[in-house]
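Colleague: I'm new to this structure and would like a close look at one part of it. Could you walk me through the largest pocket and what surrounds it?

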Amino acid sequence: MPVAEGKSVQQTVELLTRKLEMLGAEKQGTFCVDCETYHTAASTLGSQGQAGKLMYVMHNSEYPLSCFALFENGPCLVADTNFDVLMVKLKGFFQSAKASKIETRGTRYQYCDFLVKVGTVTMGPSARGISVEVEYGPCVVASDCWSLLLEFLQSFLGSHTPGAPAVFGNRHDAVYSPADTMVQYMELFNKIRKQQQVIETRKPNQ
């Protein structure tokens with residue numbers, strides 16, 4: 001969700017949540033999704049000039065007993081929370097990228113059969129963007145309810161309603177899983193990181 005013209009990230013989040021509350025959505029607590037980036041340790045790459053791989057270790061407060069490890073354009077491993085301890089032991093193979101932590105936090109809303117989460121995406125101390133997640137509870141095959149989701153999204157996002165996520169096309173008739181949600185968060189976080197890198201490179205030298 002882009003930041004409204006002339007508004008801050010926080011003001012745009014407040015506008016969105018006000019629209020949801022006007023529709024009749026009720027607050028149902030808070031949520032958090034975080035992501036830390038690991039890169040292949042230089043010692044494992046050899047002398048062939050191989051490109052290092054990135055791995056994203058993620059957590060979602062909706063699944064407090066799980067940890068998700070994702071490779072870009074690759075598989076998603078779902079493990080228990082002890083996976084974080086394992087990553088410390090694997091530091092000879094994967095090393096945490098400096099200042100790579102990115103997360104989104106916000107409020108959960110329930111509106112009939114829809115669960116909506118509006119969050120502020122932060123990197124370090126700074127707000128970098130806005131995340132909006134919508135889930136339709138009664139349906140487990142995402143492509144079957146996309147039209148309904150789209151109609152609901154338009155009611156409070158207006159012209160900023162997104163297109164169908166890539167994960168729909170990849171697994172058209174498959175049962176939707178928590179891993180599918182985490183892949184979409186990974187894509188969102190990477191998009192925000194790249195936007196931030198562009199901003200940094202455009203800054204004049206001090």
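Modeller: Happy to. A quick word on names before we start: helices (H or I, at least four residues) and strands (E, at least two) are DSSP runs, numbered from the N terminus. Keep in mind, too, that this is a predicted model.

With that in hand, here's what builds the pocket. Strand E8 (126-136), helix H3 (146-157), helix H4 (166-170) and helix H5 (178-202) each give at least two residues to the lining of the largest pocket. The space in there comes to about 1,200 Å³. In the lining you'll find 40 residues, and those nearest the pocket's centre are Val132, Glu133, Pro162, Pro165 and Gln184. Sorted by character, the lining has 26 nonpolar residues, nine polar ones and five charged ones.

Let's pick out Gln184, since we've just met it by the centre. Gln184 sits in helix H5. Its relative accessibility is 25%, so Gln184 counts as partly exposed; the buried class is for values under 20%. Set aside the neighbours within four places in sequence, and Gln184 is in contact with Pro165, Val167 and Tyr176. Pro165 is another of the residues nearest the centre. Along the chain, Gln184 and Pro165 are 19 residues apart, but in space their C-alpha atoms are 7.6 Å apart.

Now over to H3, one of the helices that help line the pocket. H3 runs for 12 residues and spans 15 Å from first C-alpha to last, close to the 16 Å expected at 1.5 Å a residue. Its buried residues are Trp146, Leu149, Phe152, Leu153, Phe156 and Leu157. These cover an arc of only 125° around the axis, so they end up on the same side of H3. Look at the other side of H3 and you'll see Ser147 and Glu151, both exposed. Just after the helix comes Gly158, with a positive phi of about 60°.

What about the stretch leading into H3? Asp144 is found in the loop between E8 and H3. With a relative accessibility of 58%, Asp144 counts as exposed, because exposed means over 50%. Asp144 and Asp173 are 29 residues apart in sequence, yet 8.0 Å separates them in space, C-alpha to C-alpha.

Definitions and conventions. Residues numbered from 1 in each chain as written. Predicted model: local features only at pLDDT ≥ 70, side-chain atom pairs only at ≥ 80, totals over all residues. Heavy atoms only, no water. 1 Å grid on protein atoms, 1.4 Å probe; cavity = no way out; pocket = protein on both sides within 12 Å on 5 of 7 lines; lining within 4 Å. Points joined across faces, edges and corners; volume = space filled by probe spheres on them. Nonpolar A, V, L, I, M, F, W, Y, C, P; charged D, E, K, R; others polar. Expected span 1.5 Å × (residues − 1). Buried < 20%, exposed > 50% of the residue type's maximum accessible area, 1.4 Å probe, protein only. Arc of directions from axis to C-beta. Contact = heavy atoms within 4.5 Å.
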